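Thank you all for making the time this morning. I would like to walk you through one model, slowly, and I will begin with a single residue before turning to the helices.

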Amino acid sequence: MASQVASPSASLHTTSSSTTLSTPTQSPSSPSKLSPDDLELLAKLEEQNRLIETDSKSLRSVNGSRRNSGSSLVSSSSASSNLSHLEEDSWILWGRIVNEWDDVRKKKEKQVKELVRKGIPHHFRAIVWQLLCNAQSMTIKDQYSELLKMTSPCEKLIRRDIARTYPEHNFFKEKDSLGQEVLFNVMKAYSLVDREVGYCQGSAFIVGLLLMQMPEEEAFCVFVKLMQDYRLRELFKPSMAELGLCMYQFECMIQEYLPELFVHFQSQSFHTSMYASSWFLTIFLTTFPLPIATRIFDIFMSEGLEIVFRVGLALLQMNQAELMQLDMEGMLQHFQKVIPHQFDGGPEKLIQSAYQVKYNSKKMKKLEKEYTTIKTKEMEEQGEIKRLRTENRLLKQRIETLEKESASLADRLIQGQVTRAQEAEENYLIKRELATIKQQTDAARAKLEQAESTIRELRHHRHWHKCSSTYNEDFVLQLEKELVQARLSEAESQCALKEMQDKVLDIEKKNNSFPDENNIARLQEELIAVKLREAEAIMGLKELRQQVRTLEEHWQRHLARTSGRWKDPPKKNAVNELQDELMSIRLREAETQAEIREMK
């Protein structure tokens, strides 16, 4: 490492004078550990770094020089001619740490963490951040230029959000400026490397901070390392499962260390994600001004997400009295407008309070296991609920089908009864007309027979009284006319009778096509049975819903009684877990009984 990275203090040349600051030459016999003199500088570094962080002109000059030189990891500042003796000591100390990084990280890790907590000088941030996350020699750096030539499906989203990232910072506020262009390049390149994550809006603030310290290729490598090794990739996945875990762990810490504030949040329905999500997604970069957020990011590069939990709980401890007096809207305003400006004088008080917070890594691992168990149960319950909903939907569809079939059957039955009544009425009318015609035919036939008898008698008299002159010829003609008329009437009656008989045959055929009385009775019985099954199904469904509501009320009351079980001793926790399991078994038993009743 010493052969690859030169000490900034050994290569720093001022532009306003010929004075040159150099670090003593490292001899083979020089110790690899930090000397006691170096450790004495720690107290001085804290105050000096605070002054350096608040010097915005110096920060802008460093950013400008970094953007103009991509080959040097640490570049000089135009204001370096005014360095005090204390700054020189700081540069010498950090120069030794950088040059001997491998040995210092292995043998003096605790001392390095203490130095980082007191702040990394902004001139060294680029190289130190790369060393802290082991991003200085990544092979993916060689692929960066090729990635920029490719097309990403997230380009429109990235372009849309570029203007929202650090809109007041000089490096990013101008449209199509150098800052916006390199920020787009890095975000696009990562969306191509990790297609599962793609692009997430909060990640642009982290990349923007990296670009303020180093060239875009190095910023890309550091960002890839952060996503892979610092849990950020899990935070930015579409499911954001890691963010849910962080919210659960943080909420449990509030419940343990700030119980009164936790109860107040619960009473106001003020969920942890409403104010703390951005803390974890952007490492406070959207919460505090850049000098304070950068100091927190220094510690994040060294210690990971632990600093977010510590700073978050410290903020709540400092603001507990004010938050207890506010409602949900007032608390949101307090988090957005008051807290960001509480530490404008410097982050030392906040960082000191953060390291007074008790952070138990084993407890966090235990909470992670609990959260995983809870989520697994929720997934199982959701699957069971989905299955029950599917079955309920199928049962409803079956009931609707049965109702439609019942209605159709009833319509057919009613229509058949109406048609049968109409046909019966027509049959009755035809039969009555037929009887009338038969009576008329019988009368005509009787008259005809009477006329024929009269004619025969007349013919008989005429045969015996052929010579009788007194026989009236006109009377015979009249009788013949009556005979002809009677025969015509008989012919007409025969035709009408034939038509009536044909019509009766047609009606009898139609009557034979309709169901008999037994079929009608069977259809009516089937309709009544369908109606009874429908009523039983509806009653069973109502009873099932009432039973599920009752069980849900018992479950909610049970959850309310066992909400504070984390404080109970282990034996009581075991009893509570058994009660939970018993309640779950009862719920499944009730659901099984409901399924059996529905199937019946």
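Leaving aside its neighbours within four places in sequence, which residues is Q320 in contact with? Please keep in mind, as we look, that this is a predicted model. The residues that Q320 touches, once those sequence neighbours are set aside, are L258, E260 and L261. Taking E260 from that list, we find that it lies 60 residues away from Q320 in sequence, while the two C-alpha atoms are 8.9 Å apart in space. Q320 itself belongs to helix α20, which runs over residues 320-324, and with a relative accessible area of 18% it falls under the 20% cut-off, so it counts as buried.

Let me step back to the chain as a whole. The protein chain has 26 helices and zero strands, and of its 600 residues 40% count as buried. If we take the contacts with a separation of 6 or more, 79% of them are accounted for by residues 24 or more positions apart.

I would now like to spend some time on helix α11, residues 178-193, and I start with its packing on helix α12, residues 203-211, where the axes are 10 Å apart and the angle is about 120°. That angle makes α11 oblique to α12, and the crossing of the two is right-handed. On the α11 side, the residues that meet α12 are V182, L183, V186 and M187, and on the α12 side their counterparts are S203, A204, V207, G208 and L211. Sorted by class, this contact comprises seven nonpolar and two polar residues, with no charged ones.

Helix α11 also packs with helix α13, residues 216-229, and here the axes come within 10 Å and cross at roughly 40°. So α11 is oblique to α13, and α11 passes α13 in a right-handed crossing. The α11 residues involved are V182, N185, V186, A189, Y190 and V193, and they meet E216, F220, F223, V224 and M227 of α13. This contact divides into nine nonpolar residues, one polar and one charged.

There is a further partner to mention, namely helix α10, residues 155-162, whose buried residues are I158, D161 and I162. Viewed down the axis of α10, these fall within an arc of 110°, so they line one face of the helix, and the buried residues of α10 pack against α11.

Helix α7, residues 109-117, can be described in a similar way, since its buried residues are V112, L115 and V116. These cover an arc of only 100° around the axis, which puts them on the same side of α7. After α7 comes G119, with a positive phi near 110°.

That brings me to backbone angles, and to two residues that I would ask you to inspect in the model. Most residues other than glycine have a negative phi. I283, however, is not a glycine and has a positive phi of about 55°, and F284, also a residue other than glycine, has a positive phi near 70°. I283 is found in the loop between α17, residues 273-282, and α18, residues 290-303, and F284 is likewise placed in the loop between α17 and α18. Are these residues buried or exposed? I283 has a relative accessible area of 0% and is therefore buried, and F284, at 0% relative accessibility, counts as buried too.

Key: Residues numbered from 1 in each chain as written. Predicted model: local features only at pLDDT ≥ 70, side-chain atom pairs only at ≥ 80, totals over all residues. Heavy atoms only, no water. Helix = DSSP H or I, 4+ residues; strand = E, 2+ residues; numbered from the N terminus. Buried < 20%, exposed > 50% of the residue type's maximum accessible area, 1.4 Å probe, protein only. Contact = heavy atoms within 4.5 Å. Axes fitted to C-alpha atoms, helices over the stretch in contact; angles between N-to-C directions. Parallel < 35°, antiparallel > 145°, perpendicular 65-115°, else oblique. Left-handed = near helix turned anticlockwise from the far one by under 90°. Nonpolar A, V, L, I, M, F, W, Y, C, P; charged D, E, K, R; others polar. Arc of directions from axis to C-beta.
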